[in-house]
Amino acid sequence: MNDHDLREVVIATLCRIAPEVAPGELRSDAPLRDQVDLDSMDWLNFLVGLHGRLGVDIPEADYRKLVTLDDVVAYLAARRGGTPSMPAP
Amino acid sequence: MIEFKLPSLGAEMDEGTLLEWKVKPGDPVKKGDVVAVVDTSKSAIDVEIWETGTVYELVHQPPEVLPVGTVIALLLEPGETPEHAEMERRRMAVAMPPPAPSAPAPLPPGSTPSRPAAEAPAARVRVSPAARKRAADLGLDVAVIAGTGPQGAVTIEDVEKAAARPAPKDRAAEMRRAIGAAMARSKREIPHYYLATDIPLARVTQWLAARNRDRPVTERLLLAVPLLKAVALALRKYPEFSGFFRQDRFVPGAGVHLGVAISLRQGGLIAPALRDVDVLSLDALMRALVDLVARARALTLRSSEMTDATITVTNLGDEGVELVQGVIYPPQVALVGFGRVTERPWVENGQVVVMPVVTASLAADHRASDGHRGALFLAEIARLLQAPETLDTASPSYPAARS
């Protein structure tokens, strides 16, 4: 799975939690929680969703690394196999 | 015979729309079974029954808008026969004639009774006076409503069915109106007093981080869980904040059921009950909270969850505010609010340290309690949160809240 596919999975997971999100309007480099109304329960459900879809269990200590959409995608890419990820097509 | 009435599912509810029956005549039911789905201004609710018996007759059919208290089904009590039920029903019918005349209107003298009413000119609509009035109230034209009464007469049920059917609800506007009605009643009737205190959270956040460290994401606890548990345990010691103000007096709740304020993504909020929080383990409480939030947002709550809460807890910390000054949800008598957890300078043992701190607040009903007890109640929540390891089980030093 390349970064593009990972991004799609992340956005799909996010949209399950926050159906009002318009995927096209999400900025990749701005803090996610400034763009989407996520409380702590939503955030946990988001991580549970990613765990279910990608098998990556994100420890609580790493939450602070996951600020932007780019951060989340890069983190997941690194945790899945550790190989350099393919550039998005 | 048991009369099953449309229950009130909240302080502001005076009518509901019967959406679906989950049972049919002949079905056995027991306490706690979901028998119907009713739409309120806030949500579609699974309505439970509180008696055991056998469904005898579904008096109303969906979709239909009905006032709270309307008998919507009849049930046979255990051991009761349909014959006995019929007898009883006839007796009731004599005692309380239905409001809408169901007998055919008397024919004017000289008219020919042989002509069936069905062939009457379409322009002439038979309609009962009650139905005409209800249609006028609802802004409906009786001429376009299909009648199902004698001789095709439009009955009050036909009018209400027609009213329930076509117009899709503006849920956001209705919810705003319902919240407004409940909160206006609260501000009009309840003499609120407000208290707040800062609670250091270093111990509970460290304890939580250690506990969550080795757990998969599906088994982690949110900070809300120890906060809710601390409130529930403190309520055992200060039961005058957990219950209802009814008929000029305070009635203690039978159990510590926390109404959890949940904001809905489409706007508005709902505060369904987490039951018996004082006796739940933290893991069980977390599971119950996850389930409740998911069902609140999916609009699949149960009727008992809409009415059982003995106090409301609201957590606006995720939205960034520090202090909540709550409005009590009647007939409850108190609301506990938590704001944002912030790092603040804190003096401990003569040293200034940086500490995660939350401001906890209490809005309480002066008819049921005084500020002195309110202060002790908040202090007890603060004290419990300094010993997070004791929150997992109910401390034996507390008297049981069960009645």
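**Exercise 1. A strand inside chain B**

How many of the 5 residues of strand β18 (residues 334-338) of chain B are buried?

*Before you start.* This is a predicted model: local features need pLDDT of at least 70, side-chain atom pairs count only at pLDDT 80 or more, and totals for chains, interfaces and linings use all residues. Residues are numbered from 1 along each chain as its sequence is written, while chains are lettered from A and ligands numbered from 1 in the order in which they are written.

*Solution.*
- Step 1. Fix the terms. A residue is buried if 20 or more other C-beta atoms lie within 10 Å of its own, exposed if 12 or fewer, and partly exposed in between; C-beta atoms are placed from the backbone. Helices (H or I, at least four residues) and strands (E, at least two) are DSSP runs, numbered from the N terminus.
- Step 2. Count. In β18(B), 5 of the 5 residues are buried, so the strand is largely enclosed by the rest of the structure.
- Step 3. Sort by direction. B:A334, B:V336 and B:F338 point one way, B:L335 and B:G337 the other way, and all are buried. In a regular strand the side chains alternate between the two faces of the sheet.

**Exercise 2. The neighbours of β18(B)**

Find the strands that pair with β18(B), and give the sense of each pairing.

*Solution.*
- Step 1. Two strands pair if DSSP finds at least two bridges between them.
- Step 2. Strand β17 (residues 311-315) of chain B runs parallel to β18(B), joined by 4 bridges. Here B:N315 stands opposite B:F338.
- Step 3. Strand β20 (residues 351-365) of chain B runs antiparallel to β18(B), with 5 bridges. Here B:L335 stands opposite B:A363.

**Exercise 3. One side of a helix**

Check the length of helix α7 (residues 282-297) of chain B, then locate its buried residues.

*Solution.*
- Step 1. The expected span is 1.5 Å times one less than the number of residues. For the 16 residues of α7(B) that gives 22 Å; the end C-alpha atoms are 22 Å apart, which agrees.
- Step 2. B:L285, B:M286, B:L289, B:A296 and B:R297 are buried in α7(B).
- Step 3. These residues cover an arc (of the directions from the helix axis to the C-beta atoms) of only 105° around the axis, so they sit on the same side of α7(B). An α-helix has 3.6 residues a turn, so residues three or four places apart point the same way.
- Step 4. Look at what they pack against. The partners in chain B include α6 (224-237), β12 (258-260) and β16 (301-302).
- Step 5. Look past the end. B:L299 follows α7(B), and its phi is positive, near 60°.

**Exercise 4. Two domains**

Describe how the domains of chain B meet.

*Solution.*
- Step 1. The assignment gives domain 1 (2-95) and domain 2 (180-390); such bounds come from an automatic or database domain assignment.
- Step 2. The C-alpha centres of the two domains of chain B lie 34 Å apart.
- Step 3. Two residues are in contact if their C-beta atoms, placed from the backbone, lie within 7 Å. By this rule, 13 residues of domain 1 of chain B touch 16 residues of domain 2 of chain B.
- Step 4. On the domain 1 side, strand β5 (residues 44-48) of chain B gives the most, with 5 residues.

**Exercise 5. Between the chains**

How many residues does each chain bring to the contact?

*Solution.*
- Step 1. Chain B brings 11 residues and chain A brings 14 residues.
- Step 2. Helix α5 (residues 202-213) of chain B supplies the largest share of the chain B side, 3 residues.
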